[in-house]
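Here is a short tour for a reader meeting this structure for the first time. Keep the sequence and the 3D view open while reading.

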Amino acid sequence: MRKFFSIAFLVLAFALNACSGERKGSFEQLPKGAQEIIVQHFDKTGIASVKIDNDDRTTEYEVRFANGAEVDFDQDGNLKKIECKPNQVPEALIASEIVAHVKENYPSSLIVEWEKEKRGSKIELNNGVELIFNNLNQFVGIDK
């Protein structure tokens, strides 16, 4: 009986491992929300690659564009990360409170990266400064 459970466990572990990992994908395989964001704020025709990562019972999507921009989505099509270096992240994709804070305190800087974190979000400006905001989009501090 013990041998049976050991074999069953190994088969299950192998099956789960076979379902995980990273593979190439296409625009059509992205969740609808992710597709809408790309169509509205990026150049769909400029997509260089789509990667689908199945890991830890979740699926994540990474979309790279020919101009070097990268956008990451969770399994529901929600934004996780936007990197547009050296260009500006579309302001419409960032909370208005964050955009206002940057315009007021760093008027000559552009937001070139935004990332969702557990306790809020982090942005990077084109001058290299990284700012941290809480879940209410209130400025918390500078990441050093």
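Which residues of β8 lie on its covered face, and which on its uncovered one? Leu-131 and Phe-133 make up the covered face of β8. Glu-130, Ile-132 and Asn-134 make up the uncovered one. In a regular strand, side chains alternate between the two faces of the sheet. Bear in mind throughout that this is a predicted model.

## The sheet

Nine strands form an open sheet. Their order is β1-β2-β3-β4-β5-β6-β7-β8-β9, and the pairing is antiparallel. β1 (21-24) and β9 (139-143) stand at the edges. Each has a single partner strand, so one side of each is left without a neighbour in the sheet. On average, neighbouring strands are turned by 20° against each other, direction ignored.

The pairings of β6 to β9 can be set side by side.

| Strand pair | Bridges | One bridge pair |
|---|---|---|
| β6 (111-117) and β7 (120-125) | six | Glu-113 and Glu-124 |
| β7 and β8 (130-134) | five | Ser-121 and Phe-133 |
| β8 and β9 | four | Leu-131 and Ile-142 |

Two hairpins appear in this part of the chain. β7 and β8 form a hairpin with four residues between them. Gly-128 sits in that turn and has a positive phi of about 90°. The hairpin of β8 and β9 also has four residues between the strands. There, Asn-137 takes a positive phi near 65°.

Asn-126 is found in the loop between β7 and β8. Its relative accessibility is 41%, so Asn-126 counts as partly exposed. Leaving aside neighbours within four places in sequence, Asn-126 is in contact with Ser-109, Leu-110 and Val-112. Asn-126 and Glu-113 are 13 residues apart in sequence. In space they are 8.6 Å apart, C-alpha to C-alpha.

## Helix α2 on the sheet

Which side of α2 is buried? The buried residues of α2 are Ala-34, Gln-35, Ile-37 and Ile-38. They cover an arc of only 160° around the axis, which puts them on the same side of α2. On the other side, Lys-32, Val-39 and Gln-40 are exposed.

The buried residues of α2 pack against β2, β3, β4 (70-73) and β5 (79-83). The direction of α2 makes about 155° with that of β4.

Phe-73 touches residues from several places in the chain. Among them are Ala-34, Ile-37 and Ile-38, which are buried residues of α2. Other contacts of Phe-73 include Glu-60, Tyr-61, Val-63 and Leu-79. Residues up to four places away in sequence are not counted here.

## The nonpolar core

The largest nonpolar core has 30 residues. Which of them have the most contacts inside it? They are Phe-42, Phe-73, Ile-82 and Ile-123.

## Aromatic pairs

How many aromatic pairs does a search of the whole structure find? The search finds two.

Phe-42 and Phe-65 form a stacked pair. Their centres are 5.2 Å apart, with 20° between the planes. Phe-42 lies in the loop between α2 (32-41) and β2 (47-55), and Phe-65 in strand β3 (residues 58-65), so the pair ties together parts that are 23 residues apart in sequence. Phe-42 and Phe-65 are both buried.

Phe-133 and Phe-139 form the other pair. Their ring centres lie 5.8 Å apart and their planes at 65°, so this pair is edge-to-face. Phe-133 is buried, with a relative accessible area of 1%. Phe-139 is partly exposed, with a relative accessible area of 37%.

## His-101

Is His-101 buried or exposed? At 17% relative accessibility, His-101 counts as buried, because the cut-off for buried is under 20%. His-101 lies in helix α3 (residues 96-105). Not counting residues up to four places away in sequence, His-101 touches Tyr-106, Leu-131, Phe-133 and Phe-139. Two of these contacts, Leu-131 and Phe-133, are on the covered face of β8. Phe-133 and Phe-139 are also the partners in the edge-to-face pair.

Methods:
Residues are numbered from 1 along each chain as its sequence is written. This is a predicted model: local features need pLDDT of at least 70, side-chain atom pairs count only at pLDDT 80 or more; totals for chains, interfaces and linings use all residues. Side-chain values use heavy atoms; hydrogens and water are left out. A nonpolar core is a set of buried Ala, Val, Leu, Ile, Met, Phe, Trp, Tyr and Cys residues joined through side-chain atoms within 4.5 Å. Buried means under 20% relative accessible area, exposed over 50%, partly exposed in between (1.4 Å probe, protein chains only). Contact means heavy atoms within 4.5 Å. Rings of Phe, Tyr and Trp (its six-membered ring) pair if their centres lie within 6.5 Å; planes under 30 degrees apart count as stacked, over 60 as edge-to-face and the rest as tilted. The arc is that of the directions from the helix axis to the C-beta atoms. Two strands pair if DSSP finds at least two bridges between them. Axes are lines fitted to C-alpha atoms, for helices over the stretch in contact, and angles run from 0 to 180 degrees between N-to-C directions.
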